Amino acid sequence: MNEVSVCNKCKAEFIPDRSLLGEIQKDDLVVQYFTCPNCGERYHVFTSDSEMRALIEKRRAVQMKIRAAFSKKFREKVIQGYERELDQIKKKQESMWPRLKKQGEEIIRGAVEP
């Protein structure tokens, strides 16, 4: 079930869906956002740079290795090594999120101001 959102600006209720998603590319940054269908207010969803995008791909690859290791009954030590690798990737991403979010929100604000 989709969750209803309320616009902070106009107070309209809406369900965010793909038709409300947008993307702005600026230099190395890709900023994803959704828009209120009533007033056009933009809400930040996710910002990535080339390093974050590489970490996302690496994280997917490690998650696939973990799934394969479980299904093929690898030794617990091997699986734990993959899980440590995944934790390191997550920590790196978490340390990057505040900076990227701030940059993305600045780009969104700049894109709608005259």
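Contact here means heavy atoms within 4.5 Å. With that in hand, a good place to start in this predicted model is Gln93, a residue of helix 2. Leaving aside neighbours within four places in sequence, Gln93 is in contact with Met52, Leu55, Ile56 and Arg59. Gln93 has a relative accessible area of 2% and is therefore buried, the limit being under 20%.

The helix that holds Gln93 also features in the largest nonpolar core, which has 17 residues. Within this core, Ile24, Val31, Val62, Ile66, Met96, Leu100 and Ile107 touch the most other members. Two or more residues each are given by strand 4 (29-35), helix 1 (50-71) and helix 2 (76-112). Helix 2 provides the largest share, with 8 residues. One of the well-connected members, Ile107, touches Ile24, Lys26, Leu29 and Val31 when residues up to four places away in sequence are not counted. A second core, separate from this one, has 7 residues, including Cys7, Ala12, Phe14 and Leu20.

The sheet comes next. Its 3 strands form an open arrangement in the order 3-4-5, and the pairing is antiparallel. Strand 3 (21-26) and strand 5 (42-48) are the edge strands; each has a single partner strand, so one side of each has no neighbour in the sheet. On average, and with direction ignored, neighbouring strands of the sheet are turned by 25° against each other.

Strand by strand, the pairing can be followed through individual residues. Strand 3 and strand 4 are joined in the antiparallel sense over 6 bridges. Among the residues involved, Glu23 has Gln32 of strand 4 as its bridge partner, and Lys26 stands opposite Leu29 in strand 4. The hairpin of these two strands has 2 residues between them, and Asp27 there takes a positive phi near 55°. On the other side of the pairing order, strand 4 and strand 5 also pair in the antiparallel sense, over 6 bridges. Gln32 has a bridge partner in strand 5 too, namely Phe46. The hairpin of strand 4 and strand 5 has 6 residues between the strands, and Gly40 in its turn has a positive phi of about 85°.

After strand 5, the chain passes through a loop to helix 1, and Asp49 is found in this loop. The relative accessibility of Asp49 is 8%, so this residue counts as buried. A polar atom of the Asp49 side chain lies 2.8 Å from the backbone nitrogen of Met52. Not counting residues up to four places away in sequence, Asp49 touches Asp28, Leu29, Met96, Arg99 and Leu100. Two of these names, Met96 and Leu100, have already appeared among the core residues that touch the most other members.

Aromatic residues add another group of contacts. The structure holds 2 aromatic pairs. In one of them, Phe34 and Tyr43 are stacked, with 5.3 Å from centre to centre and 20° between the planes. This pair counts as stacked because planes under 30 degrees apart are classed that way. Phe34 has a relative accessibility of 16% and so counts as buried, and Tyr43, with a relative accessible area of 15%, is buried as well. Ring pairs link Phe14, Phe34 and Tyr43 into a cluster, and Phe14 is also a member of the second core.

Another member of that second core is Cys7, which lies in the loop between strand 1 (5-6) and strand 2 (13-14). Cys7 is buried, with a relative accessible area of 0%. Residues touched by Cys7, with those up to four places away in sequence not counted, are Ala12, Phe14, Cys36, Cys39, Glu41 and Tyr43. Tyr43 and Cys7 are 36 residues apart in sequence, and their C-alpha atoms are 9.1 Å apart in space. The contacts of Cys7 thus include both Phe14 and Tyr43, two residues of the aromatic cluster.

Methods. Residues are numbered from 1 along each chain as its sequence is written. This is a predicted model: local features need pLDDT of at least 70, side-chain atom pairs count only at pLDDT 80 or more; totals for chains, interfaces and linings use all residues. Side-chain values use heavy atoms; hydrogens and water are left out. Rings of Phe, Tyr and Trp (its six-membered ring) pair if their centres lie within 6.5 Å; planes under 30 degrees apart count as stacked, over 60 as edge-to-face and the rest as tilted. Buried means under 20% relative accessible area, exposed over 50%, partly exposed in between (1.4 Å probe, protein chains only). A nonpolar core is a set of buried Ala, Val, Leu, Ile, Met, Phe, Trp, Tyr and Cys residues joined through side-chain atoms within 4.5 Å. Helices (H or I, at least four residues) and strands (E, at least two) are DSSP runs, numbered from the N terminus. Two strands pair if DSSP finds at least two bridges between them. Axes are lines fitted to C-alpha atoms, for helices over the stretch in contact, and angles run from 0 to 180 degrees between N-to-C directions. A polar contact is a pair of N or O atoms within 3.5 Å; within protein, one must be able to donate a hydrogen and the other to accept it, and residues adjacent in sequence count only if both atoms are side-chain atoms.
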